[in-house]
Amino acid sequence: MNLFINGQSVELSDSIKTVGSLLNYYGLGDKVVIVELNATILEKDTHQETAISDGDKLELVHFVGGG
Amino acid sequence: MNQIYDSIVIGGGVIGGSIAYQLARRGQNVLLIEKDRIASKASSAAAGMLAVQAELEEENPLFYSAIQSRNMFPNLSEEILDTCGIDIELINRGMYKVAVSNKEVEDYQQILSSQKKTGQKAEWMSQDQLLEGEPYLSDEVLGAMFLENDGQVSAPQLTNGMIKAAIVFGAEVKEFTDVESLLLKKGRVVGVKTNEGDFHSENVVVTTGAWSRGLLRETGLNLNVYPVKGECLSVTTNKPILSRTIFSDGCYLVPKRGNRILVGASVKPYTFNQQVSAHSISMLLDKAIKLLPKIKDAEWEKAWAGIRPQTEDGLPYLGEHPDYRGLFVATGHFRNGILLSPITGVVMADLMERQSPTIDISAFRLDRHDRLYVNQKEVSNEFIH
Ligand SMILES: Cc1cc2nc3c(=O)[nH]c(=O)nc-3n(C[C@H](O)[C@H](O)[C@H](O)COP(=O)(O)OP(=O)(O)OC[C@H]3O[C@@H](n4cnc5c(N)ncnc54)[C@H](O)[C@@H]3O)c2cc1C
């Protein structure tokens, strides 16, 4: 599956089917992350079940305790 | 018109500033070229934390260089003040890396004991001890690593200070001058081409931060530097409500001079867009209020964004171009460029003067990704950290 994450084309395994599993893949599963899917900001409690598919455009912003 | 400089530094951030300062101090005739204003990009956006022990793991090839760099600040601070009158606002009161869950308590205690074994200063503070020193902290904070030697500076003051001090030592600075390409001849660099004309030198160092890739592509070097946007905000209070930096997973609070508190930071890879999003700022404030509820009473100051130069393997690029003699690169310092600027300045000045640097820089070679790149897919999930 091919996604556009923050404008970058990224090839990912088809086993990643939801926003939740994508965040886990990036090690962000337990972090506060702002997720925008195809120009709509998702409510945090919908990340787990929101489905993603080939060609989707995502914007991800997370937060760090470091510079 | 046809002046030949001993060295040309491209980029007026903290890294270019530090190298220009070292070279000028050693008597070189230096030209620093910046396409915007000096200290206007990542180096003015940074929180200025000198967070070696709070941020870097000991296995990281940067750890001991970072310790050395951190130790250079007290002298550097005096030198800059004496040379050009700029105070870099070094505050050496230490940092609390705070735990808000039992898992963090356990993890941090483990890190603490391994850091102590290698001789670093680190102490565990219970919630009671912590609240004694920082009475306005929330009781959600269960304890903290106290890292006495992780200080902080004002990042814009440091960057300006190094460049102004370089000028006192004879360096020339050209702002609003864009380096369009490198002048190369028979396997060596001979100068740079800018919108203001050509400038000549057989020693050129590229310190253009997140913007470094394009300039070097024409030399056949495909550096893997990419932009990672970060947003921050600041507030002010009438009376101090925080005395030391609070470092937590997902948010930091840095008390600056004049009762300012700086709160950071967001992370968004692959964008050069410096707009600040209201959403990010509201998330940051939420986190800050959780740690320090009294920050609600503070007065809003401002918010801003900067673009960190990240690399594929998270390590900076420091060295000479494999194919062009005299062409040097120092970039990719990601979230530690302020901390690493003093050591980078000295190491690069050594290389450019054909002396061996005092630290091992083999992990930072410019051509290391030739090997790293065998399987790009494997490293692709690193991009977001
Ligand atoms: C929100 C945030 C918080 C941070 N907090 C910390 C922290 O607490 N501690 C820490 O150590 N680090 C921190 N950092 C990281 C630090 O800011 C960077 O690592 C550091 O500033 C990088 O410095 P630089 O000189 O490489 O880049 P920059 O400061 O971006 O400088 C590069 C310069 O090159 C110029 N340039 C680009 N192309 C050209 C060209 N073609 N010709 C001429 N000039 C050109 C640019 O205009 C720019 O001024 C933080 C960063 C951010 C964004």
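Six residue pairs are in polar contact between chain B and chain A, counting pairs with both residues at pLDDT 80 or more. Keep in mind that this is a predicted model.

Which elements of chain B give two or more residues to the side that touches chain A? There are three strands and a helix to look for: strand E13 (245-248), strand E14 (251-256), strand E16 (266-269) and helix H10 (278-291). The largest share comes from H10(B), with five residues.

What is that side of chain B made of, by class? Twelve residues are nonpolar, nine are polar and seven are charged.

Now the charges. The count between chain B and chain A is one salt bridge. Glu59(A) and Lys268(B) form a salt bridge. Their closest N and O atoms are 2.5 Å apart.

Stay with these stretches of chain. Lys268(B) has a number inside strand E16 (266-269) of chain B. Glu59(A) has a number inside strand E5 (residues 57-63) of chain A. And how do E5 of chain A and E16(B) pair, in the parallel or the antiparallel sense? Antiparallel, over two bridges. Take one residue as an example: His62(A) has Val267(B), in E16(B), as a bridge partner.

Last, the whole interface. How many residues of each chain are in contact? From chain B, 28 residues; from chain A, 21. Between them, the two chains bury about 2200 Å². Of that area, 63% is on carbon and sulfur atoms.

To recap: strand E16(B) pairs with strand E5 of chain A, and Lys268(B) forms a salt bridge with Glu59(A).

Note on methods:
Residues numbered from 1 in each chain as written. Chains lettered and ligands numbered in written order. Predicted model: local features only at pLDDT ≥ 70, side-chain atom pairs only at ≥ 80, totals over all residues. Heavy atoms only, no water. Contact = heavy atoms within 4.5 Å. Buried area = accessible area lost by both parts, 1.4 Å probe. Salt bridge = Lys/Arg side-chain N within 4 Å of Asp/Glu carboxyl O. Polar contact = N/O pair within 3.5 Å; in protein donor to acceptor, adjacent residues only side chain to side chain. Helix = DSSP H or I, 4+ residues; strand = E, 2+ residues; numbered from the N terminus. Nonpolar A, V, L, I, M, F, W, Y, C, P; charged D, E, K, R; others polar. Pairing = 2+ DSSP bridges.
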